[in-house]
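Q: Could you take me closely through the aromatic packing in this protein, and then place it within the nonpolar interior and the fold as a whole?

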Amino acid sequence: MKNIVVVGSQWGDEGKGKIVDWLSEQADIVIRFQGGHNAGHTLVIDGVTYKLRLLPSGIVRKGKISIIGNGVVVDPWALLDEIEEIKSKGVEVNTDNFIISESANLILPFHREMDEIREDAAGKGKIGTTRRGIGPAYEDKVGRRSIRVMDLRSEKNLDQRLEAVLVHHNAIRKGLGKKIFEKDQLKSELLKIAPKILEFSQPVWLKIDQFKKQKKKILFEGAQGILLDVDHGTYPFVTSSNTVASSAATGTGCGPNSINYVLGITKAYTTRVGEGPFPTELTDNIGELLGTRGKEFGTVTSRKRRCGWFDGVLVRQTIKVSGIDGIALTKLDVLDELDEIKMCIAYELDGKTIDYLPAAVEDQIKIRPVYKIFPGWNVSTSGIKNMDSLPENAKKYIFAVEDFIGAKVSSVSTSPEREDTILIENPFDI
């Protein structure tokens, strides 16, 4: 038995969808363990494009069981819409292949509205959220007033839970001069969809224990990236959950000894969506080229991603805090047309050289990257499937990345197509 956690080693959007799809073909179980429908994975299978937001990537594979863990916040209406969307493309979603944790917390309409209200009021201090209610939903979870999937079973219990959470939210809404939220209408809307959600509901921790006893291969699928982790990321410009690999255990109900290998998906350059520090950001023609060639627009929001050189300091740091064993290097082909390629190997802060990202946001904004320059290869690597066929300069760049970050490159992606991957080691075989 081998259980693998897949996480993003940068700010998300590293190309996890393609890698997770490849791994899910070998896995028996695929589990989402944090985040919400603010994180998108794009899969291209047999010419069909699937854009997933909440559903685990394994859902498009026959014979796999896909699970939404307790660490995920779930917009029930968005989930049902996504299920219908994926069904329209011929994918089966039923109680045999899909499970939702009964302990998962729900995103409700007032969470979405609060997200929008805060972002609009923040002005230049906005975080850059996807405005889908993720943060406010996690706040209610920690504040012990959240509505969970299991609360949909009883109208009486749901009424009491809604009363408690709306006391909090309506007080804030009144203070902001917004209309209060009516409990009865929301309760009616939730009861209407409750049977459709509850049919998939199970105690996920118990199911995982059964799967482990049956020696099933489990793939834990992370969302976003480690630099957006609420503890270890560029706070406060972060998401509201822990995106590190150890969150896979907490967000599903299994012990950390269930994790055998951590794979960090790593883009051959760096991108970021939304606000916040970005030491290697390029606002010149090269940044535009990376964005155009890499088709750098968000799966969920369609927002244009900010682009920059590969930041080895950041990736080395995320490898340490998340216990990454190996990385899957993606989008190497995007660099094909560059005469030279830079990699950040240190920062300068107030006249001193440092080899880590400081925790204070004011320092993160002030730091300047120190680069090592590599010659480009100026030939196409698109579609290459083995290391020997890569240009020598491309191989030198890959080996330099591997050496600097201190983790093995387990695969190299040379196009969005699933087959266009150079496999160096298979995490399931180690």
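**An aromatic cluster and its surroundings**

A: F374, W377 and Y397 form one aromatic cluster, in which rings of Phe, Tyr and Trp (its six-membered ring) are paired if their centres lie within 6.5 Å, planes under 30 degrees apart being stacked, over 60 edge-to-face and the rest tilted. The model is a predicted one, in which local features need pLDDT of at least 70 and side-chain atom pairs pLDDT 80 or more, while totals for chains, interfaces and linings use all residues. Numbering starts from 1 along each chain as its sequence is written, and side-chain values use heavy atoms, without hydrogens or water.

Across the whole structure, five aromatic pairs are found. In one of them, F110 and F181, the ring centres are 5.6 Å apart and the planes stand at 80°, so this pair is edge-to-face. Because F110 belongs to helix α3 (residues 109-122) and F181 to the loop between α5 (155-175) and α6 (183-198), the contact ties together parts that are 71 residues apart in sequence; helices (H or I, at least four residues) and strands (E, at least two) are DSSP runs, numbered from the N terminus. F110 is buried, with a relative accessibility of 1%, and F181 is buried as well, at 15%, where buried means under 20% relative accessible area, exposed over 50% and partly exposed in between, with a 1.4 Å probe and protein chains only.

Returning to the cluster, the rings of F374 and Y397 have centres 5.6 Å apart and planes at 80°, so they too make an edge-to-face pair. Since F374 sits in strand β18 (residues 368-375) and Y397 in helix α12 (residues 392-405), this pair links parts 23 residues apart in sequence. Both F374 and Y397 are buried.

Y397 also appears in the largest nonpolar core, which has 66 residues and in which V5, I327, L332, L335, Y397 and I405 have the most contacts; such a core is a set of buried Ala, Val, Leu, Ile, Met, Phe, Trp, Tyr and Cys residues joined through side-chain atoms within 4.5 Å. Helix α12 gives the most to this core, with seven residues. L332 touches W377 and Y397, both members of the cluster, and its other partners beyond four places in sequence are A268, T381, L390, A394, I398, V412 and S413, a contact being heavy atoms within 4.5 Å. Apart from this core lies another, of 37 residues, among them V72, L80, I147 and F181.

For a polar residue in the interior, one may look at T234, in the loop between β10 (218-221) and α8 (247-250). T234 is buried, with a relative accessible area of 1%, and touches W11, L227, R272, P277, L357 and Q364, leaving aside residues up to four places away in sequence.

As for the wider fold, the protein contains twelve helices and 20 strands. Ten of the strands form an open, mixed sheet in the order β9-β7-β5-β2-β10-β1-β11-β15-β19-β20, where pairing requires at least two DSSP bridges between strands. β9 (201-202) and β20 (421-423) lie at the edges with a single partner strand each, so one side of each is left without a neighbour in the sheet. The C-alpha atoms fill a box of roughly 65 × 50 × 40 Å along the principal axes, and 57% of the 430 residues are buried. Of the contacts with a separation of 6 or more, 76% are between residues 24 or more positions apart.
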